[in-house]
Amino acid sequence: MNKKLTELMEDIQEDLMEEVMDEVEIGEVPEVSINRIKALATRNIGKMSEDKRVPDETYKENNGIHLETNERSNRAKRKGSRGQFTKRILIPLVAATLVVGTIAAVNYNSTLKDIFGEFFLFKDQVQPIEKSMSAEGLTFTAEGALIDKKSGLFIASFTKDDGGTFEEGSEVKQMQVQTERPGSMGWGVKSSLSEDKKQLNCIVDLSSNQQLYGQKLTLEASGIRVWRNLSKVSDIKLEELTPIEIKQPWKSYTSALGFNQILVQDFKEIKLDAFYISDKGIELITSYYDQVNIENQSTYIEIIDERAGQSYEPSRSEHYWSEKEALNKDYYVFNQFKTEDLPYLKLKVGNNYFENVLDGKWQVEFQLDKNSQTKTRYMSQAIKNEKQKLTITKVEVSALGATLEGYKGSKKIEALQEVYLKMKDGTKIALKNTGMNTGVIKFNMYYNVVRNRESKEGQNLSKTEGLTKGIITPTIDSASDLLVYDFINIEEVQSIVIEGVEIPLQ
């Protein structure tokens with residue numbers, strides 16, 4: 001491959017930059033969303049640094065380095081934003097030098113088509129890997145990756161060696177990317193079944209302080225689990241129960257003093273401990289112990305009014321784990337009902353959890369090439385705000401986001417917050433800081449497109465269209481619904497705005 005002298009110098013500078021970085025900060029990882037497994041929510045993609053700190057709300061089982069993305073909202077537990085821009089006057093455009101790179105088209109296999117869609121605008125940037133390992137009756141394949149310098153999407157799949165199908169709700173328990181050189185990273189993982197359920201597809205969304213190309217990478221996976229979302233109607237007759245007054249604070253209530261009554265035979269671990277009618281309405285306390293081979297269990301109660309044939313959610317609910325009793329407790333209030341309603345009411349019991357169905361470990365090694373399809377601008381531009389002064393020397397924009405490089409104006413700096421792209425049609429695309437590296441005098445800041453899980457305003461994108469006017473965070477839908485993701489068409493980028501300074505990228 002022929003390279004310009006400027007490209008060779010850039011590669012050397014990047015290697016040197018890695019060596020001098022002595023202070024690392026990895027921010028929030030960009031979110032990936034999934035439609036098929038509706039119970040999963042991506043509220044709390046974690047943060048990771050060299051000291052392996054973990055956020056307050058993560059899975060009960062955390063392997064110490066992988067920060068899970070499947071933290072559930074209260075709504076998801078019970079039942080199975082677009083960035084805003086502030087108006088400001090832009091100062092005149094700064095002078096700069098632009099470099100635009102290209103890469104050749106690559107093999108776009110059937111799995112990648114299933115993930116990204118056949119007409120994916122950026123398919124020529126997806127690098128095929130196609131390396132496999134078989135164990136425990138499954139073949140694990142690293143299919144391909146779409147990366148920029150230090151972030152990317154890694155696509156993998158599982159198939160059964162006997163040609164069988166996966167159970168609905170199946171997903172990989174853990175998956176991560178390891179770099180040959182030590183560093184820190186944060187990532188999220190999502191899974192989805194192919195239409196015929198014979199292939200379990202997975203995607204890893206990674207943000208790292210390590211350059212992802214030019215070194216050995218290892219994609220590791222362990223365990224298969226199934227999400228159970230079950231519900232049953234209880235035979236308990238509320239009007240025949242002897243009320244037990246629930247005194248506050250309810251968390252101090254000891255289940256041994258109450259009914260300790262099984263609500264549904266299929267869920268014997270879930271017990272009704274207290275029932276009372278007060279001026280608040282119907283109050284309930286339920287409890288359950290953690291089960292072997294079960295993870296992230298959550299329960300919910302609804303009340304069915306047989307007169308109307310309608311199910312009602314609680315007006316208030318709280319969950320509490322009692323360390324002293326090693327017991328999960330739930331408190332519910334239904335303010336819709338009174339004593340005279342009891343003969344017509346039934347309890348609906350929901351039971352949601354992950355069941356581990358297969359233990360196993362798989363890993364494959366590979367290397368990736370640099371994605372040179374970027375827009376790069378060299379300059380010397382001062383950026384000032386109330387807290388700091390920086391000098392930007394390089395801006396690089398890829399399909400996944402943007403990287404800012406430059407010199408520090410003080411010993412301690414913070415990531416710049418107001419950063420967005422202006423497209424040729426006038427659309428603004430919000431960028432979110434996902435990490436920062438700082439050395440003695442230099443820094444790198446990393447930004448990705450703000451993920452939008454809400455319904456799009458205006459027109460929707462089809463698989464054959466590029467960026468649609470009027471949509472601030474453009475989305476391309478995959479064929480399999482695994483991925484609803486935001487990308488940047490760099491050919492349509494006009495400029496990047498950093499703290500009110502507009503830098504042209506044409």
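Look for Lys-160 in this predicted model: the charged end of Lys-160 sits over the ring of Phe-166, 5.3 Å from the ring centre. A similar arrangement can be found elsewhere, where Arg-225 lies over the face of Phe-354, at 3.8 Å from the centre of that ring. Arg-225 is a handy landmark, since Glu-171 stands opposite this residue in strand 9.

That pairing leads us into a sheet. Strand 6 and strand 9, which covers residues 217-233, pair in the antiparallel sense over nine bridges. Both belong to an open sheet of five strands in the order 6-9-17-13-14, with antiparallel pairing. At the edges are strand 6 (170-179) and strand 14 (310-312), each of which pairs on one side only. From one strand to the next, the twist averages 30°. As you trace the strands, keep in mind that side chains in a regular strand alternate between the two faces of the sheet.

Now follow this sheet towards its other edge. Strand 13, made of residues 294-305, is mostly covered, with eleven of its twelve residues buried. Ten bridges join strand 13 to strand 17, and the two run antiparallel. Here Ile-303 stands opposite Leu-347 in strand 17. Strand 13 also pairs with strand 14, again in the antiparallel sense, over three bridges. Asp-305 has Gln-310 in strand 14 as its bridge partner. Strand 13 and strand 14 form a hairpin with four residues between them, and in the turn Gly-309 has a positive phi of about 65°.

Just beyond strand 14 we can pause at Ser-315, which is found in the loop between strand 14 and strand 15. Is Ser-315 buried or partly exposed? Ser-315 has a relative accessible area of 41%, so this residue counts as partly exposed. Sequence and space tell two stories here: Ser-315 and Asn-335 are 20 residues apart in sequence and 6.2 Å apart in space, C-alpha to C-alpha. Leaving aside neighbours within four places in sequence, Ser-315 is in contact with Val-333, Phe-334 and Asn-335.

Let us turn to the nonpolar interior. The largest nonpolar core has 32 residues, and those that touch the most other members are Phe-140, Phe-154, Phe-158, Met-175, Leu-219 and Phe-366. Several strands supply at least two residues each, among them strand 3 (127-135), strand 5 (151-160) and strand 17 (345-366). Which strand gives the most to this core? The answer is strand 4, with five residues. To picture the packing, pick Leu-219: beyond its neighbours within four places in sequence, its contacts include Phe-140, Ala-156, Met-175, Trp-362 and Phe-366. A second, separate core has 29 residues, including Leu-390, Ala-415, Val-449 and Ile-490.

Aromatic rings deserve a look of their own. A pair of them is described by the distance of the centres and the angle of the planes. How many aromatic pairs does a search of the whole structure find? The search finds seven. In one of them, the rings of Trp-250 and Tyr-331 have their centres 5.3 Å apart and their planes at 20°, so the pair is stacked. Trp-250 lies in the loop between strand 9 and strand 10, while Tyr-331 is in strand 16 (residues 327-334), so the pair ties together parts that are 81 residues apart in sequence. Both Trp-250 and Tyr-331 are buried. Elsewhere, ring pairs link Phe-140, Phe-158 and Trp-362 into a cluster.

Strand 16 also brings us to another open sheet, in which five strands follow the order 10-11-12-16-15 with antiparallel pairing. Its edge strands are strand 10 (261-262) and strand 15 (316-322), each pairing on one side only. Within this sheet, strand 11 (residues 271-278) and strand 12 (residues 281-288) pair in the antiparallel sense over seven bridges. Ser-278 has Gly-281 in strand 12 as its bridge partner.

Our last stop is strand 20, residues 401-408. Why is strand 20 described as largely enclosed by the rest of the structure? Seven of its eight residues are buried, so the description fits. Strand 19 (residues 389-397) pairs with strand 20 in the antiparallel sense over seven bridges, and the two form a hairpin with three residues between them. Val-395 finds its bridge partner in Leu-404 of strand 20. Seven bridges also join strand 20 to strand 23 (residues 442-449), running antiparallel, and there Gly-406 stands opposite Phe-443 in strand 23.

Key: Residues are numbered from 1 along each chain as its sequence is written. This is a predicted model: local features need pLDDT of at least 70, side-chain atom pairs count only at pLDDT 80 or more; totals for chains, interfaces and linings use all residues. Side-chain values use heavy atoms; hydrogens and water are left out. Two strands pair if DSSP finds at least two bridges between them. Axes are lines fitted to C-alpha atoms, for helices over the stretch in contact, and angles run from 0 to 180 degrees between N-to-C directions. A nonpolar core is a set of buried Ala, Val, Leu, Ile, Met, Phe, Trp, Tyr and Cys residues joined through side-chain atoms within 4.5 Å. Buried means under 20% relative accessible area, exposed over 50%, partly exposed in between (1.4 Å probe, protein chains only). Contact means heavy atoms within 4.5 Å. Rings of Phe, Tyr and Trp (its six-membered ring) pair if their centres lie within 6.5 Å; planes under 30 degrees apart count as stacked, over 60 as edge-to-face and the rest as tilted. A charge sits over a ring if NZ of Lys or CZ of Arg is within 6 Å of the ring centre and within 35 degrees of the ring normal.
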